[in-house]
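User: Hi! I am new to reading protein models and would like a close look at a single part of this one.
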Amino acid sequence: MEFSDFDARGYRTVDVRTGYGEWVAHYEQTVEDAMDIALLDRLQEPSWAAVARAADLGCGTGRTGQWLRDRGIPSIDGVDLTPEMLAVAQRRGAHDRLVEADVAATGLPDAAYDLVISSLIDEHLDDLNPLYREAWRLAAPKAAFVLVTFHPHFIMTSGMPTHYTNDAGESVAITTNVHLISDHAAAALAAGWRLAELREGVIDDEWLALKPKWARFRNHPISAAYVWRKDG
Ligand SMILES: C[S@@+](CC[C@H](N)C(=O)[O-])C[C@H]1O[C@@H](n2cnc3c(N)ncnc32)[C@H](O)[C@@H]1O
């Protein structure tokens with residue numbers, strides 16, 4: 001579904017590499033943990049302490065990788081398309097290996113990971129199917145695939161793309177797509193995944209303390225976390 005049908009901002013739009021290559025300077029100061037980390041904290045599964053090896057798809061600066069490392073996961077490989085984001089992740093040191101690649105074709109080994117995770121990237125993908133298929137290829141039997149997403153309802157109702165402010169003070173959008181919950185279900189089921197858990201994060205008091213101007217969005221869902229399981 002085209003984001004342009006919902007766009008209320010009209011920002012100039014750039015591609016992923018251009019956008020994150022610029023946003024990287026301020027990314028960690030502007031991305032809110034309420035969006036993704038708060039949801040990861042609420043998941044009942046997987047059992048993070050039991051994970052031996054994780055693949056972090058769209059690892060960015062290593063926020064997700066650091067959260068996994070803090071849960072005690074001993075080995076984490078990260079993949080990202082944007083070299084500037086990877087350079088920050090490299091300095092952070094949460095990952096064992098970092099690879100510059102598309103999440104649709106990571107080059108990582110088959111069936112080697114008991115956790116695959118992808119946080120806050122799918123709105124940049126035209127098509128979800130290659131991501132779910134690649135996660136399946138990487139996943140060992142019984143592995144989990146955790147996907148945290150910018151909620152389609154919030155993108156549609158706010159008309160707000162993923163965006164940042166550049167050094168000139170301009171608000172710039174990064175290519176954003178709207179994927180319905182049913183799009184995730186169709187892509188995941190087609191790849192072979194079974195849904196084990198789904199959580200939604202809503203605009204609550206914690207969010208309103210961060211974004212007081214969002215009072216009109218109180219109780220609207222803004223993010224979601226899926227836990228998919230490879231039964232075979
Ligand atoms: C919002 S950041 C999320 C980073 C990290 N997971 C986090 O939660 O902070 C999105 C990241 O996805 C990466 N990305 C977007 N599309 C990608 C693709 N097709 N393949 C690999 N990385 C991609 C971007 O370069 C960026 O670093």
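Which residue is the bridge partner of Leu147 in β10?

Analyst: Happy to help! This is a predicted model, where local features need pLDDT of at least 70 and side-chain atom pairs count only at pLDDT 80 or more, while totals for chains, interfaces and linings use all residues. Residues are numbered from 1 along each chain as its sequence is written.

The bridge partner of Leu147 in β10 is Tyr226. Let us build the picture around that pair. Strand β10 covers residues 221–229; strands here are DSSP runs (E, at least two residues), numbered from the N terminus, and helices are DSSP runs too (H or I, at least four residues).

On one side, β10 is joined by 7 bridges to strand β6 (residues 139–150), and the two run antiparallel. Strand β9 (residues 194–202) also runs antiparallel to β10, with 8 bridges joining them. In that second pairing, Leu195 stands opposite Trp228 of β10. Two strands count as paired if DSSP finds at least two bridges between them.

How covered is β10? Mostly: 7 of its 9 residues are buried. Buried means that 20 or more other C-beta atoms, placed from the backbone, lie within 10 Å of the residue's own; a residue is exposed at 12 or fewer, and partly exposed in between.

To finish, here is a recap. Strand β10 is mostly covered, and it has antiparallel partners in β6 and β9.
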